[in-house]
Amino acid sequence: MSANGPKPAESETASLEGARLDYAGSMTYGDYLALDDVLNAQHLRSDDHNELLFIIQHQTSELWMKLMLHELRAARERLRADDLAPAFKMLARVSRIMEQLVHAWDVLGTLTPSEYTALRPHLGASSGFQSYQYRGIEFMLGNKNPAMLRPHAHRADLHAEVERALNEPSLYDEAIRLLARKGFEIEAAALERDWAQPYRFADTVEAAWLVVYREPQRNWDLYQLAEEFVDLEDAFRLWRFRHVTTVERIIGFKRGTGGTSGVQYLRRMLDVVLFPELWKVRTDL
């Protein structure tokens, strides 16, 4: 073999720069991530080529939502403890996760109407509308609706988890309580109420945020918190909008598999405002 010829296999191994190659008896990458379980969790119900795409799209979304809930719950605890710096990082992370989910719709969007029509009979009544993690995220962000417990009534464990999220103060509820602890005058109805009901706009909350925005240097932590909330809702709106356009692209205005009106239902959800005072204050400044 010439000096300029291919290197022998031994040299290729040496080029790994001392990487360990024998993992017998040790925890490996696959062990740590339980990849046998994860990669074998796609149980196809048909021979349709596109079913794997559909399953993986939604399974990965649920994994991202699990992380979102983990971060949102931790951020809420930090707000309760008046420890805002860690909450900023957690909320920023959730916004970035939502960006990932926005782009995930691009992959599902490669499914054509003809391909989905062939796949749809195998989905039964399953629908993203039934995602208990998504419902938990909505409740955490303040979009409360007791009727949304009903899709989980057939599973006592899931119903209890979603009901608990419904009855807890939302992330924004805790931010409003924080404003009161910081000395802002907040009406009692915004501080102690039926947490299972949707949040209603409060003039005193808007007045407090207006002071924060007019005097950011004096209220820097609250100013940064407000912007993290706006980033979060902005990302959430984009996620919802991309969902609507993807569904319309694939199924048009057919009813959803879960029985909703499909695109029409999703479009109504675009009108929901999670943190109303933070958007109104921009007009008032």
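Start at glutamate 248, which counts as partly exposed at 28% relative accessibility. The model on screen is a predicted one.

**Stop 1: glutamate 248 and its partner**

With glutamate 248 selected, add arginine 267. Their side chains meet in a salt bridge, with N and O 2.8 Å apart. Glutamate 248 belongs to helix 12 and arginine 267 to helix 13 (residues 263-269), so the bridge ties together parts that are 19 residues apart in sequence. Arginine 267 is also partly exposed, at 40% relative accessibility.

**Stop 2: along helix 12**

Now select residues 220-251, which make up helix 12. How many Å does helix 12 reach from its first C-alpha to its last? The 32 residues of this helix reach 47 Å, close to the 46 Å expected at 1.5 Å a residue. Go on to the residue that follows the helix, glycine 252, where phi is positive, near 65 degrees.

**Stop 3: helix 4 against helix 5**

Colour residues 51-80 (helix 4) and residues 84-108 (helix 5) separately. Two things describe a packed pair of helices: the angle between the axes and the distance between them. Here the axes come within 9 Å and cross at roughly 165 degrees. Helix 4 is therefore roughly antiparallel to helix 5, because angles over 145 degrees count as such. The crossing of helix 4 past helix 5 is left-handed. Show the side chains at this contact: its residues divide into 22 nonpolar, 4 polar and 3 charged.

Between helix 4 and helix 5 is a loop, and aspartate 82 has its place there. Aspartate 82 is not a glycine, yet its phi is positive, about 60 degrees. With a relative accessible area of 40%, aspartate 82 is partly exposed.

**Stop 4: helix 4 against helix 7**

Keep helix 4 and add helix 7, residues 132-140. Are helix 4 and helix 7 roughly parallel or antiparallel? Their axes come within 9 Å and cross at roughly 30 degrees. Angles under 35 degrees count as roughly parallel, and helix 4 and helix 7 are therefore described that way. The crossing of this pair is left-handed.

**Stop 5: two prolines in loops**

Proline 146 is in the loop between helix 7 and helix 8 (156-167). Its relative accessible area is 34%, which makes proline 146 partly exposed. For a distance across the model, pick the C-alpha atoms of proline 146 and valine 244: they are separated by 23 Å, with their positions 98 residues apart along the chain.

Next, select proline 169, in the loop between helix 8 and helix 9. Proline 169 counts as buried, at 11% relative accessibility, because the cut-off for buried is under 20%. Add leucine 141: from C-alpha to C-alpha it is 9.4 Å from proline 169, while the two are 28 residues apart in sequence.

**Stop 6: more salt bridges**

Opposite charges on side chains can pair when the charged atoms come close. The structure holds 21 salt bridges. One of them joins aspartate 173 to arginine 193, with the closest N and O atoms 2.9 Å apart. This pair links distant parts of the chain: aspartate 173 is in helix 9 (residues 171-181), and arginine 193 is in the loop between helix 10 (188-191) and helix 11 (203-214), 20 residues apart. Is aspartate 173 buried or exposed? Aspartate 173 counts as buried, at 0% relative accessibility.

Then select aspartate 157 and arginine 155, whose side chains meet in a salt bridge at 2.8 Å, N to O. Aspartate 157 is partly exposed, with a relative accessible area of 45%. Arginine 155 also counts as partly exposed, at 36% relative accessibility.

**Stop 7: a turn of the backbone at alanine 34**

Finish at alanine 34, in the loop between helix 2 (29-32) and helix 3 (35-39). What is the phi of alanine 34? It is positive, about 50 degrees, although the residue is not a glycine. Alanine 34 counts as partly exposed, at 32% relative accessibility.

Methods:
Residues are numbered from 1 along each chain as its sequence is written. This is a predicted model: local features need pLDDT of at least 70, side-chain atom pairs count only at pLDDT 80 or more; totals for chains, interfaces and linings use all residues. Side-chain values use heavy atoms; hydrogens and water are left out. Helices (H or I, at least four residues) and strands (E, at least two) are DSSP runs, numbered from the N terminus. The expected span of a helix is 1.5 Å times one less than its number of residues. Axes are lines fitted to C-alpha atoms, for helices over the stretch in contact, and angles run from 0 to 180 degrees between N-to-C directions. Angles under 35 degrees count as roughly parallel, over 145 as roughly antiparallel, 65 to 115 as roughly perpendicular and the rest as oblique. A crossing is left-handed if the near helix is turned anticlockwise from the far one by less than a right angle, and right-handed if clockwise. Ala, Val, Leu, Ile, Met, Phe, Trp, Tyr, Cys and Pro count as nonpolar, Asp, Glu, Lys and Arg as charged, and the others, Gly among them, as polar. A salt bridge is a side-chain nitrogen of Lys or Arg within 4 Å of a carboxyl oxygen of Asp or Glu. Buried means under 20% relative accessible area, exposed over 50%, partly exposed in between (1.4 Å probe, protein chains only).
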